[in-house]
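Trainee: I'm new to this one and would like a close look at a single part of it. Could you walk me through it once it's up?

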Amino acid sequence: MGNRCIFAPHMQQKFLSNFTLLVVLNLAVKLFWVFGIDVAVQNMLGSEVYGDYFALFNFAYIFAIVSDVGIINYNNRVIAGEPEKLSFYLANILAAKTGLFALYLLVLVVFSFVVGYNSQQLGLLIIIGINQGLITFYNYLRSNVSALHLFKTESFLSVSDKLVMIVLCGLLLWLNPFNTPFTIYTFAWVQVLGLVCGVSISFVVLYRFIKKAEFRVEWATVKDIVKKSYPYAILVTLMSFYTRLDAVMIERLLPDGATEAGIYASGFRLLDSLIMFAVLMANMLLPMFGRLIHRGLPVGQLVKQSFAIMMLPAVGVPLLAWFYKEDLYNLIYPNLYSPYNAYIFAWVLTAFVPISMGYIFGTLLTANGSLRQLNIISVLGLFANFLLNLVLIPQYKAMGACIATIATQSLVIILTVLYCRRFFKFTVPLKFALSTIFFPVSAAAVFYAFTFIQWDWKLEVLAALGCMVLLAVSTGLIKIKELLTSFKTT
């Protein structure tokens, strides 16, 4: 088999069909959860109540790596290569994760006293912490299903928790069969129930693959697993801090912190949903980059094409947010609209530009095994984000956090690109460089022109986005033929 023929046609078709199923299910279910349930909860309870929850959620998220320490990443490598070891590793990793889960809850409680949370906040934080711990169990069990190449099964498992949450929240929000008020605690406990169901279903799926004679715990193995997992855990921890610290600091540093955090959350919710697209692309790029690097083949063409594809949402999202911020905010949050809220909404979504591009180059460094370089970048990002938030939030409130996020993410992407250039020596063709400059400028002109047409704003948005795609193809930023060829040969 030649270097350029990696997948047999039937394997390529299987990969594409499974990937398509995963994307469709996640988009349908998770986007409904975000916009049908999560948005409805904030509209019902208000920015102050939801902002307090959002800050506590991010606080719990920052420390969530304590309950995993990179075990999922380690497990993916081991079980994918040696599936016959599933029973042995399952027993030992479950034992390790149970102990880490207890440690994680203890860490949350200790640090909650350090930052000064009151008893009511501590109660909600513990429920959120239980959710975060269950998520790591859920992701771990699903990683075994993927490692066994049960891709379609894993696709359905990936949304099973959200389906349960949607049904329960939908009943309590809109039908209220028990005639009791819907509170933020209700919202948190519903997520616990959904995750318990997801974890249980995932374990039942794996149960038929367990060999009871091998399902035993060896504490030396538990210790070894944790030791081998920590380099990845350091990276995830650092990234969690500089991507989630802003909401915590808004709530802690301001007298009206909960309200400002809620306003920030209304934009971050959409940003988080959009990042899912970048994550899906990164998950697809990782094995492709890894294969090219392993075979000593150049990565420049794949970097260029993935960058070009990501340019569409990276340019379209901030343009959409700025030209139609009032319409969009009023559509999503009719009970919370104000010009200030819409303004913050647009600034939060602007951060999607450096974040989305970071996933391409960060994935390239990950595929190269450059964890040390990624950790250095993340340390710098953490310090920059903390200092900027500390200075800007007291003066500019949520707006200060937006500036800090955009500046931090821009620093991270610049350093990541510089490291990639150093390792891979790829160059940027002049024509492509000119296209990347011309495209956003011309796209902005298109959006500006449509504001004079005075159509219904939704039609204007659809027309402007359609013109953007045509611009990307006509300027040569995206070449359909090259794109298809790349997927066939990598």
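Let's start with a cysteine: is Cys467 buried, partly exposed or exposed, and what is its relative accessible area? After that, please take me to the place where α10 and α13 pack.

Mentor: Happy to, just keep in mind that this is a predicted model. Cys467 is partly exposed: its relative accessible area is 27%, so it falls between the 20% limit for buried and the 50% limit for exposed. Cys169 is another matter, because a relative accessibility of 0% makes it buried. As for cysteine pairs, the structure has zero disulfides.

Before we get to your helices, here's the setting. The protein has 18 helices and zero strands, and 52% of its 490 residues count as buried. Take the contacts between residues at least 6 apart in sequence: 84% of them join residues at least 24 apart.

Now for the pair itself. Helix α10 covers residues 300-323 and helix α13 covers residues 352-367. Their axes lie 8 Å apart, and the packing angle is about 165 degrees. That angle is over 145 degrees, so α10 counts as roughly antiparallel to α13. The crossing of α10 past α13 is right-handed.

Who touches whom? On the α10 side you'll find Val303, Ser306, Phe307, Met310, Met311, Pro313, Ala314, Val317 and Pro318. Facing them from α13 are Phe352, Val353, Ser356, Met357, Ile360, Phe361 and Leu364. Sorted by type, the residues of this contact come out as 14 nonpolar, two polar and no charged.

Notes:
Residues are numbered from 1 along each chain as its sequence is written. This is a predicted model: local features need pLDDT of at least 70, side-chain atom pairs count only at pLDDT 80 or more; totals for chains, interfaces and linings use all residues. Side-chain values use heavy atoms; hydrogens and water are left out. A disulfide is a pair of cysteine sulfur atoms within 2.5 Å. Buried means under 20% relative accessible area, exposed over 50%, partly exposed in between (1.4 Å probe, protein chains only). Axes are lines fitted to C-alpha atoms, for helices over the stretch in contact, and angles run from 0 to 180 degrees between N-to-C directions. Helices (H or I, at least four residues) and strands (E, at least two) are DSSP runs, numbered from the N terminus. Angles under 35 degrees count as roughly parallel, over 145 as roughly antiparallel, 65 to 115 as roughly perpendicular and the rest as oblique. A crossing is left-handed if the near helix is turned anticlockwise from the far one by less than a right angle, and right-handed if clockwise. Contact means heavy atoms within 4.5 Å. Ala, Val, Leu, Ile, Met, Phe, Trp, Tyr, Cys and Pro count as nonpolar, Asp, Glu, Lys and Arg as charged, and the others, Gly among them, as polar.
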